[in-house]
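Me: Please take a close look at a single part of this structure, the sheet, and set it in the context of the chain as a whole. I would like one connected account, with attention to burial, pairing and backbone geometry.

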Amino acid sequence: MAVTFTGKLCFSEAASPLSHKPLPSLPKSFQFSKVSFAPSAKSTTKIWQDRNGACKARSYFRPSLQMSVSVDTEEVVSDTLFADYKATSAFLFPGQGAQALGMGKEAFSLPAATALFEKAKEILGYDLLEICIEGPKEKLDSTVISQPAIYVASLAAVELLRNREGGQAVIDSIDVTCGLSLGEYTALAFAGAFSFEDGLKLVKLRGEAMQAAADATPSAMTSVIGLNADKVQELCDVANQEVSEEERVQIANFLCPGNYAVSGGVKGVQVVEEKAKSFKARMTVRLAVAGAFHTRFMSPAVSKLEAALAKTQISTPRIPVISNVDAQPHSSPQVIKDILAKQVTSPVQWETTLKTLFGKGLKSSYELGPGKVIAGIIKRIDKNAPPVVNIGI
């Protein structure tokens with residue numbers, strides 16, 4: 001009868017616990033998915049001659065214990081490797097809403113960029129580049145299309161930069177990266193946390209799961225322009241007093257001073273828009289998204305993401321990638337998985353992220369992908385910040 005365990009093995013030396021044979025390919029501490037112990041026996045036959053010269057034979061059975069180990073490929077890594085990270089030059093990747101008809105045209109001029117769209121076609125099952133260029137716009141703007149489109153286009157922009165004179169030197173100089181919401185996946189792919197293909201599969205599932213969550217419960221998002229975060233929170237509190245628990249709203253995107261996105265039930269968002277003027281907001285802008293992203297309304301998407309992330313090989317990024325959830329870099333693959341699952345229901349801490357980078361002495365930044373949304377946000381946060389270089393596609 002075999003006995004199976006799961007958990008973590010630790011070795012004081014790189015050697016098998018049941019023999020003295022070295023295990024050079026295993027780390028001293030690693031996760032394992034299954035260890036099985038099964039009793040067995042080995043037979044040994046002894047032959048000899050007795051006093052009369054006759055041959056005798058006797059068999060002995062020697063019990064033994066066999067162990068088989070199925071090891072997960074991800075090594076246990078500390079989550080503090082980037083605790084004292086530097087921020088000199090950054091790549092910044094846009095999120096949903098940056099898409100525009102015609103993006104991707106420049107990919108035709110570079111085989112490396114075209115190859116990314118070809119890989120995307122294989123994974124997605126449709127011609128993403130054709131939709132990016134020809135539309136229709138309503139299709140490109142849908143959550144299930146726009147998220148993969150921005151992910152692929154942004155990484156294609158990296159290839160465009162690489163092909164320019166001095167471009168590779170710029171790429172090599174980047175010591176920190178981050179992305180707005182969806183853009184966090186692009187940043188992780190650029191930093192080598194997962195492959196382009198695995199990242200696209202996650203983004204595809206993320207878009208589908210968020211769309212499904214939005215379809216299940218009607219919800220909305222609106223940008224409140226002209227108020228600070230405290231005033232927007234007061235506005236949300238007042239609106240929540242007039243609607244049911246299911247319709248309540250919250251700040252979902254902390255973008256920059258004077259621009260905060262509020263998400264929640266349709267009725268709650270409507271009340272926010274109606275009362276915004278009384279709080280001296282300059283205006284509100286209803287966002288063309290499927291639903292209340294980065295709130296509890298996206299909870300049904302979490303379990304689907306967790307299941308997909310559990311099957312995805314994630315490595316420690318080669319440079320810090322700042323999380324939308326807590327504005328901190330993470331080095332542990334398991335923590336990164338947990339953070340990405342939480343991200344769809346957690347407010348985006350973009351303002352804190354950028355202020356932290358500026359505080360660390362950020363000298364140059366590049367926005368890679370469609371649009372110039374991030375460049376505009378940076379001007380609102382710090383007028384003295386160095387100009388953002390846009391690498392469009």
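Reply: A residue is called exposed here when its relative accessible area is over 50%, and buried when that area is under 20%. By this cut-off Lys 280 is exposed, because its relative accessible area is 73%. The model is predicted, and the values below are computed from it.

The setting comes first. The protein chain contains 13 helices and twelve strands, and 46% of its 393 residues count as buried. Among contacts with a separation of 6 or more, 74% join residues that are 24 or more positions apart. The chain exposes about 19100 Å², of which carbon and sulfur atoms supply 52%.

The part chosen for the close look is an open sheet of five strands, ordered β10-β5-β4-β11-β12 and paired in parallel. Its edges are β10 (321-322) and β12 (388-391); each has a single partner strand, so one side of each is left without a neighbour in the sheet.

Strand β4 (residues 89-93) is mostly covered, with five of its five residues buried. This cover extends to both faces: Ser 89, Phe 91 and Phe 93 are buried on one side, and Ala 90 and Leu 92 are buried on the other. On the β5 side (residues 176-179), four bridges join the two strands in parallel, and Leu 92 of β4 stands opposite Cys 178. Towards β11 (residues 364-368), β4 again runs parallel to its partner and is joined to it by four bridges; here Ala 90 has Ser 365 as its bridge partner.

Ser 365 carries the description onward to the edge of the sheet. Strands β11 and β12 pair in the parallel sense over four bridges, and the partner of Ser 365 in β12 is Val 388. Ser 365 counts as buried because its relative accessibility is 4%. Leaving aside neighbours within four places in sequence, Ser 365 is in contact with Ala 90 and Leu 92, and also with Ile 378, Pro 387, Val 388 and Val 389.

Tyr 366 also lies in β11. At 14% relative accessibility, Tyr 366 falls under the cut-off of 20% and therefore counts as buried. When residues up to four places away are not counted, Tyr 366 touches Ser 89, Ala 90, Phe 91 and Leu 92, together with Val 170, Ile 174, Val 388 and Val 389. The C-alpha atoms of Tyr 366 and Val 388 are separated by 5.5 Å, although these positions lie 22 residues apart in chain numbering.

Residues of β4 also appear in the nonpolar cores. In soluble globular proteins, nonpolar side chains tend to be buried together. The largest nonpolar core here has 70 residues, and Phe 91, Tyr 151 and Phe 194 touch the most other members. Helix α4 (residues 143-163) gives the most to this core, with twelve residues. Beyond four places in sequence, Tyr 151 has contacts that include Leu 182, Tyr 185, Phe 194, Phe 196, Leu 200 and Val 203. Apart from the largest core lies another, of 24 residues, with Phe 82, Ala 90, Leu 255 and Ala 375 among them.

Burial in helix α9 (residues 266-275) offers a further view of the chain, with Gly 268, Val 269, Val 271 and Val 272 buried. Down the axis of α9 its buried residues fall within an arc of 155°, so they line one face of the helix. The elements that cover them include β6 (219-225), α8 (229-240), β7 (249-256), β8 (259-265) and β9 (283-286).

Backbone geometry remains. Most residues other than glycine have a negative phi, and most peptide bonds are trans. Lys 280, in the loop between α9 and β9, has a positive phi near 70°. Ala 327 has a positive phi near 60° and is found in the loop between edge strand β10 and α11 (333-343). Unlike the exposed Lys 280, Ala 327 is buried, with a relative accessible area of 3%. The peptide bond from Gly 135 to Pro 136 is cis, with omega near 10°, and Pro 136 lies in the loop between α2 (128-134) and α3 (137-141).

Terms used:
Residues are numbered from 1 along each chain as its sequence is written. This is a predicted model: local features need pLDDT of at least 70, side-chain atom pairs count only at pLDDT 80 or more; totals for chains, interfaces and linings use all residues. Side-chain values use heavy atoms; hydrogens and water are left out. Buried means under 20% relative accessible area, exposed over 50%, partly exposed in between (1.4 Å probe, protein chains only). Contact means heavy atoms within 4.5 Å. Accessible areas come from the Shrake-Rupley method with a 1.4 Å probe; for residues, only the protein chains shown count as cover. Two strands pair if DSSP finds at least two bridges between them. A nonpolar core is a set of buried Ala, Val, Leu, Ile, Met, Phe, Trp, Tyr and Cys residues joined through side-chain atoms within 4.5 Å. The arc is that of the directions from the helix axis to the C-beta atoms.
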